[in-house]
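Biologist: Hi! Could you walk me through this one? I'd like to start with the strands.

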Amino acid sequence: MANEQANKERGGSRLNDRLMERLTEEPNYVSDEGKVKKWVVAEEARNYSPTLIALLLKDEQLRETFFVETAEALVFKTEAFLQFIEQKNYLSDSYTRYSQKIGLQIGGRFMNQRNEVELVFPYKDCILEGGQTKEDQKRNEIFFNQTLAQDEITQLLEPKVLTNAALYDKDGQHEIQSFNRDAQKNEIRGLDANTITDNLIIKGNNLLTLHSLLGEFGGKIKLIYIDPPYYFKNNPSTDTFKYNSSFHLSSWLVFMRNRLQIAKKLLKKGGTIWINIGEDGMHYLKVMADDIFGADHFVGTLPRRTRSGKSDVPYNFSQDFDWLLVYTNVSDDVDVMGRSIERTYYTTPDYPGKPWRLADLTKQTTAKERQNSFFTMVDPKTDKEYPASEKRTWAVTKDTFQHYYDIGYIVFPDDYDFLKITKPYGRKFKYEDDAKGKLSAVISDIQIVDFLKSLLSECKNEKGNAEIDVLFGRDEFDYAKPENLIKTILSVATSENDIVLDFFSGSGTTAAVAHKMNRQYIACEQIDHQVELNVRRLKEVIDGDEGGISDEVKWCGGGSFVYLELKRYNQKFIDEIEEAQSTDELIAIWEQMKARAFFRFNVEMQKLDDDMEDFKALTLEEQKQMLCSLLDMNQLYVNFSDMEDAEAGVTEEEKRITKAFYGEE
């Protein structure tokens, strides 16, 4: 009997080899890694694909196995073929068949094999959930897909319970008594009195964190800067992230869409979002972002030079830039950006206590367009004449000249010895400028030297690397964005005390710069190591960090921030599974899961225990995928609405902090 079973298994293996050989002849059936895509082949079989049937008929053994001759015709044995390819150890994904063994069946057939069940993936409702992983945890896809009904999505995105709260200032770490809500500061900022004014570093999945922030900060964020994992057609050696960037374009776009949709709701009216993105993904993201924010709210694209040119590059063309896509939520007649203007003012005896400056006295109109302004201006004191230009006339007319001269608006070259001018100018008083409060344009003949010079020459990756190296050592984080990049952005799009959000916080550059520039900030990060890096970096800033932009902004230390975490539930099991190094560790985690985890509705746990030997036969990566697939992804973190549920294990201190954050003390 044993020999018969062994022969059967050997025959099945040989048949599988022949099938694999035939299937690899069709490029659409093969992944980028050279493995047959079983799910594609299965779908082709269900649809009686002529391409698949032709491949099978070419091989005599496959024809005899999967076809039956009836009335001089060959009939494809679809069910037999599907059962064969779904057997354990076939087509390179052995855990799939095993995972189905612990799922629900109807009449001996798994649900996804029955025509009664139709699986749909509605674009408007899809949520691409999952956590960021470190670079050394390479996978084919770094985020897992979940198709959720609308009520499940609502549950997933509810506000979460907060835990491990701590306040950090120059005196160290403290317990939080309450969140700071400075009514006077909020009134100046145009926010409601109860808005939190603490700086925040929050650990947890950023999509769920954003939804938890919505109630408190919806419509209040002045600037969002994000540096998300880039989409790469081919991952370069100079991948600028410690994140694993292995994912497909469709998944990356859904991942980004889910987050940008909620980010839009957080923006204050007149706020801006700056998305730092690489060449491969920029144009795909631009089309999608136009749909989310509105093409008429697209502000512009800015290049950032990332490195000096390289010679060993494709086509002998060195692509040395990444890009900033900028969007807002108001019409284009609103000045959402601008720079403070540093002007030279004069104080003279004829206008005591009223500093003034020179202003252009010409206008961009031709003599033909504005005939009354095309005249020769005469200095009443010297009788010197100053003719108008035919292409650029005076800003005053022949009829109004005397009025403006009498009120002191017109300044002639001979009026003051210290002026080195050759034509008449206008006089503008400082109190007039202060009253208008108007900022200069970001990109102009004057400002392009300042603003774009920073982006094109002073914000390279090597500068960010050097800043991290000084603080912590280079191994802590590769290719951090330099502080000068964030300073350049904050200086044109925010004012002091505005709220800045970065939900891909990475090494904490945005938070560090916002702290030094007296902006309130919210930084979100999930990876343990990078959260620790954020906290360490901000503690250095509070202690008077002298690196980055510190000298330029005269930073001397001070301030504080609050650290919070989303309280994990199923997420803690996922984290433990990812870190496990052996099957024994995973089995121990499974025992904990049985006692405390929330499972998907169609999981029969006893079947896994009954087939533990089959589980052990899987590879370690397949075992991890197996255990993660059993968990209910709606229960990654504890919902605020479940806080009083004893099974959630929320402490009284966690309840107090959570209620305080959501304003329900």
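Biologist: Which residue is the bridge partner of Arg305 in strand 13?

Modeller: That would be Phe321. Keep in mind as we go that this is a predicted model. The pair belongs to a longer match-up: strand 12 and strand 13 are antiparallel and share seven bridges.

Biologist: And how many bridges join strand 11 to strand 13?

Modeller: Six, and those two strands also run antiparallel. One example is Thr272, whose bridge partner in strand 13 is Thr328.

Biologist: What holds paired strands together in general?

Modeller: Strands of a sheet pair through backbone hydrogen bonds, and the pairing can be parallel or antiparallel.

Biologist: Okay, so is strand 13 largely enclosed or open to the outside?

Modeller: Seven of its eight residues are buried, so strand 13 is largely enclosed by the rest of the structure.

Biologist: Let's zoom out. What is the strand order in the whole sheet?

Modeller: The order is 8-7-23-9-22-21-10-11-13-12, in an open sheet of 10 strands with mixed pairing. Strand 8 (172-174) and strand 12 (298-305) are the edges, each pairing on one side only. From one strand to the next, the twist averages 20°.

Biologist: Mixed pairing, got it. In which sense do strand 21 and strand 22 pair?

Modeller: Parallel, over four bridges, with strand 21 covering residues 499-502 and strand 22 covering 520-525. As an example, Asp502 has Ala523 of strand 22 as its bridge partner.

Biologist: Which strands does helix 16 lie across?

Modeller: Helix 16 (residues 483-493) lies across strands 10, 11, 12, 13 and 21, and runs at about 155° to strand 10. Another helix to look at is helix 25 (residues 652-661), which lies across strands 7, 9 and 23. Its angle to strand 7 is about 75°.

Biologist: New topic: how many salt bridges does the structure hold?

Modeller: There are 28. One of them links Glu483 and Lys516, with the closest N and O atoms 3.0 Å apart. Glu483 is in helix 16 and Lys516 in helix 17 (residues 509-516), so this pair ties together parts that are 33 residues apart in sequence.

Biologist: Why does Glu483 count as buried?

Modeller: Because its relative accessible area is 1%, and buried means under 20%. Lys516 is buried as well, at 5%.

Biologist: What about Arg46 and Glu43, where do they lie?

Modeller: Both lie in helix 2 (residues 38-46), three residues apart, which is about one turn of the helix. They form a salt bridge with the closest N and O atoms 3.7 Å apart. Arg46 is partly exposed at 29% relative accessibility, and Glu43 is partly exposed at 40%.

Biologist: Could you show me one more pair?

Modeller: Sure, try Arg568 and Asp575, whose side chains meet in a salt bridge at 2.8 Å, N to O. Arg568 counts as partly exposed at 38% relative accessibility, and so does Asp575 at 21%.

Biologist: Which residues do salt bridges with shared partners join into one network?

Modeller: Arg18, Arg22, Glu25, Lys58 and Asp59.

Biologist: Last one: where does Gly548 lie?

Modeller: Gly548 is in the loop between helix 18 (528-542) and helix 19 (550-553). This glycine is partly exposed, at 42% relative accessibility. The C-alpha atoms of Gly548 and Val513 are 8.5 Å apart, although the two residues are separated by 35 residues along the chain.

Notes: Residues are numbered from 1 along each chain as its sequence is written. This is a predicted model: local features need pLDDT of at least 70, side-chain atom pairs count only at pLDDT 80 or more; totals for chains, interfaces and linings use all residues. Side-chain values use heavy atoms; hydrogens and water are left out. Two strands pair if DSSP finds at least two bridges between them. Axes are lines fitted to C-alpha atoms, for helices over the stretch in contact, and angles run from 0 to 180 degrees between N-to-C directions. Contact means heavy atoms within 4.5 Å. Buried means under 20% relative accessible area, exposed over 50%, partly exposed in between (1.4 Å probe, protein chains only). A salt bridge is a side-chain nitrogen of Lys or Arg within 4 Å of a carboxyl oxygen of Asp or Glu.
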